[in-house]
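Student: I should like to learn how to read the features of a protein model. May we go through one together?

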Amino acid sequence: RPLSRVKVDAYRELILASILAFVLIKVTGVDREVIEKWLYVIIAMALITGIIGTGHHFYWIGAPGYWQWWGSIFSALEPIPFFIMTLFAFNVINKRKREHPNKAAVLWAMGTAVLAFLGAGVWGFMHTLAPVNYYTHGSQITAAHGHLAFFGAYVLVVLTIISFAWPLMHGQQAKSNGKQVLEMWSFWLMSVSMVFITLFLTGAGILQVYLQRYTDAPQAFMVVQEKVSLFYWMREVSGLVFFIGVILFILSFLPDRKAKAA
């Protein structure tokens, strides 16, 4: 598993940045040469930090102790390409040469950059250093990072492509204004609820780490789980809001009544 993380940690940014760049070229009209310059920087930083940074997983399979620091230091630098990608997305959108009618796709693209930076970058950095990860490894803090990182770096870029490609597949540049409003509501419901899910899991993780691993009198796993259950219920409520966002996203792709009548 740790060896497979080389592909995940190092190449995630490359794939994400490339897909994001493609969509931004199409919806903003910015020259390809401008976007490619940003991509060179993002890809270089992703390779430099991601490949060696994968070493922060190696110590846990019995690799030599120096991987604690090699992995920690380079993994701590991994938020840099994500931050550059966020600047890249907002810079390209600000310099756009045309107003594309598919505003929903633009919103998904911006959300991808921001939440990927927060989930994979900030939340990953929070517990990647070896002295911290010694206590947090496999806790609810890891789950919090996993939730937001997966949603930001994987889910949102897929939804961006769907939002951009679906109208084109049906001979349009964009869906109707009403369907775009519905789709943008789905973006905000899913994104905000995922942030709250992450915060609640982070709170559960901090309490779990203290009660189960850091205190002088560590408590049993199930005892601690009972004590952090309030966070799980709040996370459940946020999950229901997220599900409403998913339903709205699906509804936004149903044909308009006028189109049916025609």
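Tutor: Let us begin with a pocket. The second largest pocket has a volume of about 200 Å³. Please bear in mind throughout that this is a predicted model.

Student: Which residues lie nearest the centre of the second largest pocket?

Tutor: They are Trp166, Gln172, Phe253, Leu254 and Pro255, out of 12 residues that line the pocket. Sorted by class, this lining has 5 nonpolar, 4 polar and 3 charged residues.

Student: How does one find empty space inside a protein?

Tutor: Rolling a probe the size of a water molecule over the atoms shows where empty space is left. In this structure there is 1 cavity of 30 Å³ or more. The volume of the largest cavity is about 60 Å³.

Student: Which residues line the largest cavity?

Tutor: Its lining is made up of His56, Tyr59, Trp60, Gln68, Ser72, Thr128, Ala130, Asn133 and Tyr134. Two elements, helix H3 (66-76) and helix H6 (130-136), each give two or more residues to this lining. H6 supplies the largest share, 3 residues. As for class, the lining of the largest cavity has 4 nonpolar residues, 5 polar residues and no charged ones.

Student: What is the secondary structure of the chain as a whole?

Tutor: The protein chain has 11 helices and 0 strands. Its pattern along the sequence is therefore written α-α-α-α-α-α-α-α-α-α-α. Along the principal axes, the C-alpha atoms fill a box of roughly 70 × 40 × 30 Å.

Student: How should I read the contacts and the burial of such a chain?

Tutor: For contacts, one asks how far apart the partners are in sequence. Among contacts with a separation of 6 or more in the protein chain, 82% are between residues 24 or more positions apart. For burial, one asks what part of the residues counts as buried: here the figure is 46% of the 262 residues.

Student: Which residues of H3 are buried?

Tutor: A general point about helices comes first. An α-helix has 3.6 residues a turn, so residues three or four places apart point the same way. In H3, the buried residues are Gly71, Ser72, Phe74, Ser75 and Ala76. Among the elements that cover them are helix H2 (32-53), helix H4 (79-94), helix H5 (103-126) and H6. Ser72 also appears in the lining of the largest cavity.

Student: May we examine one buried residue in detail?

Tutor: Ala116 will serve. Ala116 is placed in helix H5 and is buried, with a relative accessible area of 0%. Leaving out residues up to four places away in sequence, Ala116 touches Leu16, Phe82, Gly111, Gly121, Gly152 and Ala153. The C-alpha atoms of Ala116 and Gly152 are 4.0 Å apart, although 36 residues separate the two in sequence.

Student: What does Gln212 touch?

Tutor: Gln212 belongs to helix H8 (residues 177-214). With a relative accessible area of 17%, Gln212 counts as buried, because the limit for that class is under 20%. Setting aside neighbours within four places in sequence, Gln212 is in contact with Pro218, Gln219, Phe221 and Val224.

Student: How many aromatic pairs are there, and how is a pair described?

Tutor: The count comes to 16 aromatic pairs. A pair is described by the distance between ring centres and by the angle between the planes, and planes over 60 degrees apart count as edge-to-face. Phe22 and Phe164 have ring centres 6.1 Å apart and planes at 90°, so this pair is edge-to-face. Since Phe22 lies in helix H1 (residues 5-28) and Phe164 in helix H7 (residues 140-169), the pair ties together parts that are 142 residues apart in sequence.

Student: Are Phe22 and Phe164 buried or exposed?

Tutor: Phe22 is partly exposed, with a relative accessible area of 42%, while Phe164 is buried, with a value of 7%. Another edge-to-face pair is formed by Phe249 and Phe253, at 4.8 Å centre to centre and 65° between the planes. Both Phe249 and Phe253 are buried.

Student: Which residues do ring pairs link into a cluster?

Tutor: The cluster is made of Trp108, Trp166, Phe187, Trp188, Phe249 and Phe253. In addition, Lys175 lies over the face of Phe253, 3.5 Å from the ring centre. This brings us back to our starting point, for Trp166 and Phe253 are among the residues nearest the centre of the second largest pocket.

Definitions and conventions. Residues numbered from 1 in each chain as written. Predicted model: local features only at pLDDT ≥ 70, side-chain atom pairs only at ≥ 80, totals over all residues. Heavy atoms only, no water. 1 Å grid on protein atoms, 1.4 Å probe; cavity = no way out; pocket = protein on both sides within 12 Å on 5 of 7 lines; lining within 4 Å. Points joined across faces, edges and corners; volume = space filled by probe spheres on them. Helix = DSSP H or I, 4+ residues; strand = E, 2+ residues; numbered from the N terminus. Nonpolar A, V, L, I, M, F, W, Y, C, P; charged D, E, K, R; others polar. Phe/Tyr/Trp six-rings, centres within 6.5 Å; stacked < 30°, edge-to-face > 60°. Buried < 20%, exposed > 50% of the residue type's maximum accessible area, 1.4 Å probe, protein only. Lys NZ or Arg CZ within 6 Å of the ring centre and 35° of its normal. Contact = heavy atoms within 4.5 Å.
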